Amino acid sequence: MAGSALKRLMAEYKQLTLNPPEGIIAGPISEDNFFEWEAYIMGPKDTVFDGGVFPARLTFPPDYPLSPPKMRFTCELFHPNIYPDGRVCISILHTPGDDPMGYETSAERWSPVQSVEKILLSVVSMLAEPNDESAANVDAAKKWREDRRQFEEIAAATVKKSLGL
Amino acid sequence: MRSLLLSGASFALTAAVIANAYYQKKQFYPSVVYITKSNPSMAVIYIQAFVIVILMGKLLRKIFFGQLRAAEMEHLIERSWYAVTETCLAFTVFRDDFSPRFVALFTVLLFLKCFHWMAEDRVDFMERSPVISFVFHLRVLSLLTFLGVLDVYFVNHAYYSTLLKGPTVQLVFGFEYSILLTVVAMTFIKYLLHTVDLQNENPWDNKAVYLLYTELLMGFTRVVLYVCFMVVMIKVHTFPLFAIRPMYLASRSFKKALQDVIMSRRAIRNMNTMYADATPEELASGDNVCIICREEMTQSSKKLPCNHIFHTSCLRSWFQRQQTCPTCRLDVLRMPRPSATPAAAAAATAAAPPIAQANNAPQQLFQNFNGMFGGFPYAWPPVPPAHANGQPGAQPQQGTQQSVPSAGGTTTSANNNTTPAAPGSPPPFPPFSHLCPCFPPPPANLGGLSDSELRSMEGTERANVEARIYWLRDIQALLDGAMMLISQYNQVAATVGMSGIHVPPTGSQTSTAKDTASTKTKPEGPIPETNQAETVTTNTDTLPKVSSSVTSLNSPSSKSLEETLDFSGLEGATGFSGPKEMDLPAWEDPREDEHEDELHEVRRRRLERFSQEGKKKEDFDLD
């Protein structure tokens, strides 16, 4: 009888491999450490990130699912809600205690009901619709708000880069 | 590769140094003396010793841990940097007895510390790993025994050397190793718990609780040790700067452990008392997967007031962090008791919530109403809920009695959102005049109120009684204010009358004709000589109205309150004195008709005087 965190992660992995959601692949990097996952997210259709495949890394805490995992894109991604170092800033990954931007309601925070799949789906929708009110990358938020064309150019460049072109 | 090269170079250098010495001196002892006397050779030897220690460390690590995982390595490097800095700080404190032996002791300490951390990490890893091999158990057990034995040895050594030689640097080692001993103990207990958990097929609910208490105990021991160490060091040496960081960390983790234990206890208590066990039928119907651990619920599940069902243990560990339902985020602590426990629900009815609920609707209605009166700091008696107004059976003659329950209702609401003016402060003037047209308050039709609603408005709790007393004090303050006004008025009127005494009362006949005209022209009329008189002119005009409104505002409610409440019990309350008949100003007496006449008389005289003066002025102008 292993730890509950491990069991839950295994269950989620099984679920994700049996019914993979569209545009998302995720799983542990190695079978003997279920607390480090790798995920590939496809850029949502009809958005600036369409066509890109973005690798990310998920790190789960020992007390998962009571605490949220951390998510970090391992590729370059110019987006208002992604820190320049790749960390993802969405409310679903924050516990109600911490609020880096100071405006999220607790209703959209982490709770054990959330799962890897839900996190990745929220990230996909975040890619499609950046929230420039709580910017992790101020530069990107500014461009998104004021100079959409340049933002799209940069995004297109990242898409190309993510495909290794 | 680089480290291999470096150690190889070091070995080569050492070999060269030894060969050189032996070549020069030909014999063992002279060559040893030569090496120890020559500084460059000694430097090489020291480097060699360092390399050997590192190699030893690597060997031990291979034996006890095998390959370190990336996270473990990261952790280790991060912690070692702090440890090295602290060791350097410790060197500054003990620079007097700085010697190679001393450095060697510190290096050993550093290495042992590293092994303790790695052991901790490894045991924590047990919980995360899907498969635990036999080798793992063997390694962890042997490592823990090895570390434990070494720690005990060093603590012993430090103890006896301190006894024999007095406080030296051994004191520091003694404390360091005893703290490491607590780490070993903690790791061992964790290991035992994890092992037992692994043997079991079912999840072991109490493991988390045991872990919490072990953590608390060890945290406490560590804090006590650090405090003792601090005190002793300050007494015999100097302030141990190098121990500040670990001490802070230890106290912080102790605080966290304490908090966790408290939260966990609260969570368990709530679990046991507040929520019902899920019945087998509830589990059987529909989806019975616990959303927290994603496993089927077969036994020991709890149902929250929002009808969501979870494993007891999952729910408990979640409640340790947050008191909300994981699914719908219902705040479980603020919820009324679930209907599943009728006894608890019945007990809850005695508490405040029902009253608050009963008052909610009227309160909201009155929020707007209060806004109409600007700064008027008194809440109106709440109107009964809207449906009461639709009651056709309401009789108009109820009017006078209606104020009784509504006043009672106000008292309960007054403590909710109104700040009663401090007793004794002058009552706000401007709102009065502007208030008068709005008076009396909207007819409170209580015919539609049910008995229970009335009772809840009446309220017998402390808060309600307090609010009532506040209310009465406010009324008293209002009355006092009106009294002040009246006495001022009387005074002024008297002085005016005195100064105007030379005016023959009979002369009024001539001025009466002008009476009405002068009233109209008064604002731009002749200016009175004294300032006092001027203020009175502006005030007095509204005054009779005010006083009458005060009378009508307060007397019904205060009197009705007097009827409802037994003032004998309130007499001793802070600053409270029940409104008594003799306290009432004379003009508030039922027989105030004569006063009415008196007021008229005063007014008439004043007007007379004005007209007189106006006439005089006219005469003067004509002249």
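**Exercise 1. Chain B as a whole**

Among contacts in chain B between residues at least 6 apart in sequence, what percentage join residues at least 24 apart?

Solution. The model is predicted; local features need pLDDT of at least 70, side-chain atom pairs count only at pLDDT 80 or more, and totals for chains, interfaces and linings use all residues. Residues are numbered from 1 along each chain as its sequence is written, chains are lettered from A and ligands numbered from 1 in the order in which they are written, and side-chain values use heavy atoms, with hydrogens and water left out.

Step 1. A contact means heavy atoms within 4.5 Å.
Step 2. Of the chain B contacts between residues at least 6 apart in sequence, 71% join residues at least 24 apart.
Step 3. The secondary structure of chain B amounts to 22 helices and 5 strands; helices (H or I, at least four residues) and strands (E, at least two) are DSSP runs, numbered from the N terminus.
Step 4. Chain B has 623 residues, and 40% of them count as buried. Buried means under 20% relative accessible area, exposed over 50%, and partly exposed in between (1.4 Å probe, protein chains only).

**Exercise 2. Salt bridges in chain B**

Determine which parts of chain B are linked by the salt bridge of B:Glu86 and B:Arg245, then treat the pairs B:Asp124 with B:Lys190 and B:Asp260 with B:Lys256.

Solution. A salt bridge is a side-chain nitrogen of Lys or Arg within 4 Å of a carboxyl oxygen of Asp or Glu. Side chains of opposite charge can pair when their charged atoms come close.

Step 1. In the pair B:Glu86 and B:Arg245, the closest N and O atoms are 2.6 Å apart. The pair links distant parts of the chain, 159 residues apart: B:Glu86 is in helix H4 (residues 70-93) and B:Arg245 in helix H9 (residues 244-274) of chain B. B:Glu86 counts as buried at 12% relative accessibility, whereas B:Arg245 is partly exposed at 32%.
Step 2. For B:Asp124 and B:Lys190 the closest N and O atoms are 3.2 Å apart. B:Asp124 lies in helix H5 (residues 100-126) and B:Lys190 in helix H7 of chain B, so this salt bridge ties together parts that are 66 residues apart in sequence. B:Asp124 is partly exposed, with a relative accessible area of 32%, and B:Lys190 is buried at 15%.
Step 3. For B:Asp260 and B:Lys256 the closest N and O atoms are 3.3 Å apart. About one helical turn separates these two residues, because they are 4 residues apart in helix H9 of chain B. B:Asp260 is partly exposed, with a relative accessible area of 22%.
Step 4. B:Arg69, B:Glu72 and B:Arg122 are joined into one network by salt bridges that share partners.
Step 5. Over all chains, the structure holds 10 salt bridges.

**Exercise 3. The surroundings of B:Thr195**

Is B:Thr195 buried or exposed, and which residues does B:Thr195 touch, not counting those up to four places away in sequence?

Solution.
Step 1. B:Thr195 is found in helix H7 (residues 170-199) of chain B.
Step 2. With 14% relative accessibility, B:Thr195 counts as buried.
Step 3. A polar atom of the B:Thr195 side chain lies 2.5 Å from the backbone oxygen of B:Tyr191.
Step 4. Leaving out residues up to four places away in sequence, B:Thr195 touches B:Met126 and B:His137.

**Exercise 4. Backbone features in loops**

Locate the cis peptide bond from A:Tyr64 to A:Pro65 and the positive phi values of A:Asp46 and B:Lys26.

Solution.
Step 1. The peptide bond from A:Tyr64 to A:Pro65 is cis, with omega near 5°. A:Pro65 lies in the loop between strand S3 (53-59) and strand S4 (70-73) of chain A.
Step 2. A:Asp46, a residue other than glycine, has a positive phi near 60°. A:Asp46 is in the loop between strand S2 (33-42) and S3 of chain A, and is exposed, with a relative accessible area of 74%.
Step 3. B:Lys26, also a residue other than glycine, has a positive phi near 70°. B:Lys26 sits in the loop between H1 and helix H2 (28-37) of chain B, and counts as exposed at 56% relative accessibility.

Note on methods: A polar contact is a pair of N or O atoms within 3.5 Å; within protein, one must be able to donate a hydrogen and the other to accept it, and residues adjacent in sequence count only if both atoms are side-chain atoms.
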